[in-house]
Amino acid sequence: MNPIPVNLAVEDQLSEAVVRKILASTERGYAIGTVYGRGGFGYLRSTAHGWNRAAAGIPFILLTDLDQYPCPRALIGDWLRVPRHHNLLIRVAVREVESWLLADRSNFADFLAVARKRVPEDVDGLADPKAALISLARMSRLRDIRERIAPKPGSTARVGPDYNGCLIEFVVSGWDIDAAAEGSPSLARTVDRFRTFTPRWPPTR
């Protein structure tokens, strides 16, 4: 099987780690080149048309959170008001990429050192998955987890000082994608898309 070269556009390092893990799990030979973004939701929205044009030469994967849009279709329609190139894969985590981590309920409960029953079941239905995750982290029996993921009392920060770093450790070493896909329809659709995607190349002369 020939490798599939692909560039990424992501919101942050956590999203990048998630995409890398999913692509590796497909065993399709994805070869990741340049990673763009890591500057948040607004950056991806403002550059989506550029990635669409660039996809004619090399496939691009853009991963973003749904946030306040009613559905992925509405987000894509707002961001990309021209036909989407076949080689641009826009994947939307419902409602945030944290939902996909929470969907692996058993392993994530073990990682956070909390009871499994405390991890939500309908993760794609959560209004604020990040807040739910931080609330779970505050219940952790491990001080290290609490201090890295949750903001300090009285802090104006939304997340703890090593939020992404701590969760990336879980993604790399503990996240079971197949188990998570069973609990998150949006993740299941993304995994299926990556497993079946075949790029279209410009005709050679």
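Which residue in S2 is the bridge partner of valine 10? In this predicted model, the answer is glycine 37, and this pair is a handy place to start a walk through the sheet. Valine 10 sits in strand S1, which covers residues 4–10, while S2 spans residues 30–37. The two strands run parallel and are joined over 6 bridges. Strand S1 is mostly covered, with 6 of its 7 residues buried. Between the two strands in the right-handed β-α-β unit comes helix H1, residues 13–26.

Strand S1 also has a partner in strand S3, residues 60–65. Here the pairing is again parallel, and 3 bridges hold it. One contact to look for on screen is asparagine 7, whose bridge partner in S3 is phenylalanine 60. Strand S3 in turn pairs with S4 in the parallel sense, through 6 bridges. Within that pairing, leucine 63 stands opposite arginine 91 of S4.

Taken together, 4 strands build an open sheet in the order S2-S1-S3-S4, with parallel pairing. The edges are formed by S2 and by strand S4 (88–93), each of which pairs on one side only. From one strand to the next, the twist averages 25 degrees. In a regular strand, side chains alternate between the two faces of the sheet.

Helices pack against this sheet as well. Helix H3 touches S3 and S4, and its direction makes about 120 degrees with that of S3. Helix H10, residues 185–196, lies across S2, S3 and S4 and runs at about 160 degrees to S4.

The aromatic side chains deserve a look too. The structure holds 9 aromatic pairs, and one aromatic cluster is formed by Tyr36, Trp51 and Phe60. Phenylalanine 60 thus appears both in this cluster and as the bridge partner of asparagine 7.

Charged side chains offer further links, and the count comes to 10 salt bridges. One of them joins arginine 45 to aspartate 78, with the closest N and O atoms 2.9 Å apart. This pair links distant parts of the chain, since arginine 45 belongs to helix H2 (residues 41–54) and aspartate 78 to helix H3 (residues 72–79), 33 residues apart. The two partners can be told apart by their exposure. Arginine 45 is partly exposed, with a relative accessible area of 39%, whereas aspartate 78 has a relative accessible area of 19% and is therefore buried, the cut-off being under 20%.

Helix H3 also carries isoleucine 76. At 25% relative accessibility, isoleucine 76 counts as partly exposed. The C-alpha atoms of isoleucine 76 and tryptophan 175 are separated by 27 Å, and these residues are 99 residues apart along the chain.

A second salt bridge brings together the side chains of lysine 130 and glutamate 98, at 3.9 Å from N to O. Lysine 130 lies in helix H6 (residues 129–138) and glutamate 98 in helix H4 (residues 97–102), so this pair too links distant parts of the chain, 32 residues apart. Both lysine 130 and glutamate 98 are buried. For lysine 130, the relative accessible area is 17%. Beyond residues up to four places away in sequence, lysine 130 touches Glu96, Glu98, Arg158, Val159 and Tyr163.

A third salt bridge is made by the side chains of arginine 148 and glutamate 169, at 2.8 Å from N to O. Because arginine 148 lies in helix H7 (residues 143–149) and glutamate 169 in helix H8 (residues 163–173), the pair ties together parts that are 21 residues apart in sequence. Arginine 148 is buried, with a relative accessible area of 15%, while glutamate 169 counts as partly exposed at 40% relative accessibility. This pair does not stand by itself: salt bridges that share partners join Asp144, Arg148, Asp162 and Glu169 into one network.

Methods: Residues numbered from 1 in each chain as written. Predicted model: local features only at pLDDT ≥ 70, side-chain atom pairs only at ≥ 80, totals over all residues. Heavy atoms only, no water. Buried < 20%, exposed > 50% of the residue type's maximum accessible area, 1.4 Å probe, protein only. Pairing = 2+ DSSP bridges. Right-handed = clockwise from strand over helix to strand, strands pointing away. Salt bridge = Lys/Arg side-chain N within 4 Å of Asp/Glu carboxyl O. Axes fitted to C-alpha atoms, helices over the stretch in contact; angles between N-to-C directions. Contact = heavy atoms within 4.5 Å. Phe/Tyr/Trp six-rings, centres within 6.5 Å; stacked < 30°, edge-to-face > 60°.
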